[in-house]
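Me: I'm new to this one and would like to learn how to read its pockets, its ligand and its backbone. Can you walk me through it?

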Amino acid sequence: MKAIDLIQQIPSLSTFKKYGRVSRVVGLMIESQGPESSIGDVCKIHINSFKNGHSVILAEVVGFKEEIVVLMPYTNIREISTGCLVEGTNSPLEVKVGPELIGKVLDSMGNPIDGTVLSKGLKTVGTEQDPPNPLTRPPIHERIEVGVKAIDGMLTVGKGQRVGIFAGSGVGKSTLLGMIARNTNADLNVIALIGERGREVREFIERDLGKEGLAKSIVVAATSDQPALMRIKGAFTATAIAEYFRDKGLNVMLMMDSVTRVAMAQREIGLAVGEPPATRGYTPSVFAILPKLLERTGTNEHGTITAFYTVLVDGDDMNEPIADAVRGILDGHIVLDRSLANKGQFPAINVLKSISRLMNHISEEDHKKAAQHLRDLYFTYNKSEDLINIGAYKRGTSKEIDEAIKYEPLITAFLKQGYLDKVSIDDTVNELVSLSNGGV
Ligand SMILES: Nc1ncnc2c1ncn2[C@@H]1O[C@H](COP(=O)(O)OP(=O)(O)OP(=O)(O)O)[C@@H](O)[C@H]1O
Ligand SMILES: [Mg+2]
């Protein structure tokens, strides 16, 4: 900024600092009289303790109760007491971004947690941004390679498409995300790990992502022991970082594991500030925050963010409220099936229950035809599987079922993929088309 511009800003600058005082603390909720502020503003709470001297914790304004400001801290609180000074900053949470972040593991505030430090002079961006204007969003017309055969072949994803991965616990979500991160031809990955156990973060980085994956990724981790606000911020920070690289014209891959835990964190905050619980205890703000978060990815006039959001489905109940809400917002869903995992079919993608809403717009004609053909055969087999297994089906009764029985092991073999195997999208499509034509 030029000196003259800075000088012109002086008259409009506020020279007063705004303060308030803590009046009550209930659980993680801090009530304070003042400072004058708006929802989303960051406040600094000054704590003076005999033991540790002066310290500052950051908190965010999450609501108001008449004249009282309701704050939630970003960190765990211990020594706070009534009367502590609350300093308003008049600004929402901001994080530092730049190419230097690639290969790093960050917390929700964008600070490295891998022992490295960020250099000065990085760009500062707000974590809460509006989604791109729908009228300036270019339509998606190009496919992206994720390097997983079942997805590239049967559920092709476009650059800038947003897809949900719906699965119960332990069905292979993290492993699948690791495969995608390592194999994709996206320019870089931004991976948000929200609400995972601490052990899982390291496991994911070392085992699923590996050195090769981390070298082209930025990981934002907010573990389950952190306050609800931090877990939500992790999702927003990761999205803001992805947006920065999209604005630089890159094709970014954003992966969020899991969006259900973001919703649960918002439920915690909603209930604490007195929102009424609606469906299954989720408060209305949960359903307001989801589209705000998920609509930020996708295309804009500069670049694209292709996004994979995992959704936990309890007892494989696909109609639970968060799954339902997320499915309505995204452009496709991939269902991981426990019965396939139990049979040892990995990745455990149930192609019959999954859909990519854009596949028809971005794939070649012969690819589409082959995928549809194999899907039909697989469907026929699955429909008659019980009869076939108990020996109640006699070969020759139906030409269709005979054909499906012949093809089933071939399709299953096509869908299976070793966790370290990388297959290019062109090889996948060629294999699929030749499989459909009867060649193997
Ligand atoms: N592609 C694969 N090949 C072989 N085994 C796999 C594969 N994917 C998953 N598994 C097996 O499934 C287990 C669980 O996988 P993973 O940790 O990815 O699941 P998750 O859905 O992320 O679990 P959680 O809900 O606990 O986060 C792994 O430890 C591994 O044994
Ligand atoms: Mg996992």
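Reply: Sure, and keep in mind that this is a predicted model. Let's start with the largest pocket: helix 4 (198–214) gives the most to its lining, with six residues.

Me: How does one find a pocket to begin with, and what is the volume of the largest pocket here?

Reply: The general idea is that rolling a probe the size of a water molecule over the atoms shows where empty space is left. In this model the largest pocket comes out at about 570 Å³. It is lined by 31 residues, and Ser-169, Gly-170, Lys-173, Arg-197 and Leu-312 are the closest to its centre.

Me: Which helices each supply at least two residues of that lining?

Reply: Helix 3 (173–183) and helix 6 (259–272) do, along with helix 4.

Me: And how do the lining residues of the largest pocket divide into nonpolar, polar and charged?

Reply: You'll find 14 charged residues there, with eleven polar and six nonpolar ones.

Me: What about the second largest pocket: how much space lies in it?

Reply: About 360 Å³. Its lining has 19 residues, and the closest to the centre are Ile-39, Glu-60, Glu-128, Gln-266 and Ile-289. Sorted by class, the lining of this second largest pocket has ten nonpolar, four polar and five charged residues.

Me: Where does the second largest pocket lie with respect to domain 1 and domain 2?

Reply: Look at who supplies the lining. Domain 1 (18–92) and domain 2 (95–363) both give residues to it, so the second largest pocket lies between them. At least two lining residues each come from strand 4 (53–65), helix 5 (228–247), helix 6 and helix 7 (284–294).

Me: Now the ligand. Which residues surround ligand 1?

Reply: A good way in is to follow the chain. Ligand 1 has Ser-169, Gly-170, Val-171, Gly-172, Lys-173, Ser-174 and Thr-175 among its surrounding residues, and the list also includes Arg-197, Glu-200, Arg-207, Phe-346 and Tyr-419. Helix 3 gives the most to this shell, with three residues, while helix 3 and helix 4 each supply at least two. By class, the shell around ligand 1 holds five polar, four charged and three nonpolar residues.

Me: Which polar atoms should I look at around ligand 1, and how much of its area does the protein bury?

Reply: Begin with the side chain of Thr-175, where an N or O atom is 2.4 Å from an oxygen atom of ligand 1. Then turn to the backbone: a polar atom of Gly-170 is 2.9 Å from a ligand oxygen, and one of Val-171 is 3.2 Å from a ligand oxygen. As for area, ligand 1 taken alone exposes 630 Å², and the protein buries 68% of that.

Me: Last topic, the backbone. What should I look out for?

Reply: Most residues other than glycine have a negative phi, and most peptide bonds are trans. With that in mind, go to Glu-66, whose phi is near 50°, a positive value. Glu-66 sits in the loop between strand 4 and strand 5 (68–73).

Me: Which peptide bonds are cis?

Reply: One of them runs from Asp-257 to Ser-258, with omega near 0°. Ser-258 belongs to the loop between strand 13 (251–257) and helix 6. Another cis bond joins Phe-346 to Pro-347, with omega near -10°. Pro-347 is in the loop between helix 9 (338–342) and strand 17 (355–356), and Phe-346 is also among the residues around ligand 1.

How values were computed:
Residues numbered from 1 in each chain as written. Chains lettered and ligands numbered in written order. Predicted model: local features only at pLDDT ≥ 70, side-chain atom pairs only at ≥ 80, totals over all residues. Heavy atoms only, no water. 1 Å grid on protein atoms, 1.4 Å probe; cavity = no way out; pocket = protein on both sides within 12 Å on 5 of 7 lines; lining within 4 Å. Points joined across faces, edges and corners; volume = space filled by probe spheres on them. Helix = DSSP H or I, 4+ residues; strand = E, 2+ residues; numbered from the N terminus. Nonpolar A, V, L, I, M, F, W, Y, C, P; charged D, E, K, R; others polar. Domains from an automatic or database assignment. Near = heavy atom within 4 Å. Polar contact = N/O pair within 3.5 Å; in protein donor to acceptor, adjacent residues only side chain to side chain. Areas by Shrake-Rupley, 256 points an atom, 1.4 Å probe, with all protein chains shown as cover.
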